[in-house]
Amino acid sequence: MLLSGANNEAFWRFLAGRLIVAILTLLAVSFMIYALIELMPGDYAERELFRKYSGTGVTITQAEIDQVRANLGLDRPFLVRYGEWLWNVVTRFDFGPAFRVETSVNTLLQGKFLYTFVLVVGAMLFSYIVAIPVGIWVATRKSGIADGMVTLLSYLGLALPNFAIALVLLMLNAFVFNLDVTGLVSQAYRDEPWSFAKFLDFLGHAYIPLLVLGWSTTAFQLQTMRGLMKDELGKLYVTAARAKGLSGWPMLIKYPARHAVMPIVSTIGFDFARSFNELPIVASILVLGELGQELLLAFLDADQNTAAGILVCVTSIIIAANFLSDLLVVAIDPRVRLKGR
């Protein structure tokens, strides 16, 4: 039992506090996006008419703009539109129409949220699976060769921008291996239901964005794990454990690694946010068509419903990831549980 007696009350207070903060955060994010797009010059109606008549020589009148605004409901005051959108989200989980693609935001999210979630979570898992064990191993090496190699790779991961790595891998696959790795699935599977063959095709396309997104996170967390592990290995409790006859990986995992991994566990939400922030540029290069790219297009087209809907969903996942990291900290570190008592 992680929690017992008085700890239960403290845990539920903590959970209630986090829930209140999460709700306020989602409200702030949605209002901020709506207000930001509202302050941009022009609106979706003007952009739509400009695209429609661009290059035709037709003069767009104010009456036509007002008519399109009325048809889309954009002629009402800002607070009225935001309040109606928020009410529909809370009561029916309906994010409204996505003007840019002429469908609902819910339909857009259903088609692309899973791809985005798999890419970001897959990149994070790849980073942790590589960074944590390699960081532990390098910290225990007496030779400076392994340490120097890890330092070099980490600096490259932090210095090289993701879009450059994506371009290199794209060109390498296209001109050396003659493979088309753009998109997340091949054209033949794009509208097909999920099957084992479509899953294999997805893996054949997704490994490049997974590597690109995981590159910088791996480099950062590898440096973190190595430095913290070296610091923990020099502490007295490790010396005491070795004096009792403990050694090797069982001792490393049970004592210093548990403490060294805490900063990595506590930054899961931060890593998720950073990966999503990096995804739109990578997606534009690899033509992935995921939510990050849709978010950029929604901002360019002043599509408030789509931009707010995507960011609310992403923010919800980040909040959930932060809460999960807190629970993992409680599960891994007995000092946190003792402090609660």
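This is a stop-by-stop tour of the predicted model above, with a selection for each stop.

**Before starting**

Residue numbers run from 1 along each chain as its sequence is written. In this predicted model, local features need pLDDT of at least 70 and side-chain atom pairs count only at pLDDT 80 or more, while totals for chains, interfaces and linings use all residues, and side-chain values use heavy atoms, with hydrogens and water left out.

**Stop 1: the whole chain**

Show the protein chain as a cartoon. The secondary structure comes to 16 helices and 2 strands; helices (H or I, at least four residues) and strands (E, at least two) are DSSP runs, numbered from the N terminus. The C-alpha trace spans about 85 × 60 × 40 Å along its principal axes. Of the 341 residues, 39% count as buried. Buried means under 20% relative accessible area, exposed means over 50%, and partly exposed is in between (1.4 Å probe, protein chains only). Among contacts in the chain with a separation of 6 or more, 73% come from residues 24 or more positions apart; contact means heavy atoms within 4.5 Å.

**Stop 2: helix 5 against helix 8**

Select residues 105-140, which are helix 5, and residues 196-233, which are helix 8. Two packed helices are described by the angle between their axes and the distance between the axes. Here the angle is about 35 degrees and the axes are 4 Å apart. The axes are lines fitted to C-alpha atoms, for helices over the stretch in contact, and angles run from 0 to 180 degrees between N-to-C directions. Helix 5 passes helix 8 in a right-handed crossing. A crossing is right-handed if the near helix is turned clockwise from the far one by less than a right angle, and left-handed if anticlockwise. By class, the contact has 23 nonpolar, 8 polar and 3 charged residues. In this scheme Ala, Val, Leu, Ile, Met, Phe, Trp, Tyr, Cys and Pro count as nonpolar, Asp, Glu, Lys and Arg as charged, and the others, Gly among them, as polar.

Now pick Leu210, a residue of helix 8. Leu210 has a relative accessible area of 23% and is therefore partly exposed. Leaving aside residues up to four places away in sequence, Leu210 touches Val118, Leu119, Gly122, Ala123 and Phe126. A C-alpha distance label between Leu210 and Ala123 should read 4.8 Å, for two residues 87 apart in sequence.

**Stop 3: helix 5 against helix 15**

Keep helix 5 and add residues 304-332, helix 15. The two axes come within 11 Å and cross at roughly 40 degrees, so the helices are oblique to each other. Angles under 35 degrees count as roughly parallel, over 145 as roughly antiparallel, 65 to 115 as roughly perpendicular and the rest as oblique. The crossing of helix 5 with helix 15 is right-handed. To see the contact, show Val105, Leu108, Leu109, Phe113 and Phe117 on helix 5, with Asn305, Thr306, Gly309, Ile310, Cys313 and Ile317 on helix 15. By class, this contact has 8 nonpolar, 3 polar and no charged residues.

**Stop 4: two positive phi values**

Most residues other than glycine have a negative phi. Go to Phe93, whose phi is positive, near 50 degrees. Phe93 is in the loop between helix 4 (78-92) and strand 1 (97-98), and at 53% relative accessibility it counts as exposed. Then go to Ala302, with a positive phi of about 60 degrees. Ala302 is in the loop between helix 14 (291-300) and helix 15; at 6% relative accessibility, Ala302 counts as buried.

**Stop 5: salt bridges**

A salt bridge is a side-chain nitrogen of Lys or Arg within 4 Å of a carboxyl oxygen of Asp or Glu. By this rule there are 9 salt bridges.

- Select Glu46 and Arg69: their N to O distance is 2.6 Å. Glu46 is in helix 2 (residues 44-53) and Arg69 in helix 3 (residues 62-72), 23 residues apart. Glu46 is partly exposed at 31%, and Arg69 is buried at 18%.
- Add Asp66, which forms a salt bridge with Arg69 at 3.6 Å. Asp66 and Arg69 are 3 residues apart in helix 3, so about one helical turn separates them. Asp66 is partly exposed at 38%.
- Select Arg76 and Glu84, a salt bridge at 2.4 Å, N to O. Arg76 counts as partly exposed at 32%, and Glu84 counts as partly exposed at 37%.
- Finally, show Asp43, Glu46, Asp66 and Arg69 together: salt bridges that share partners join them into one network.
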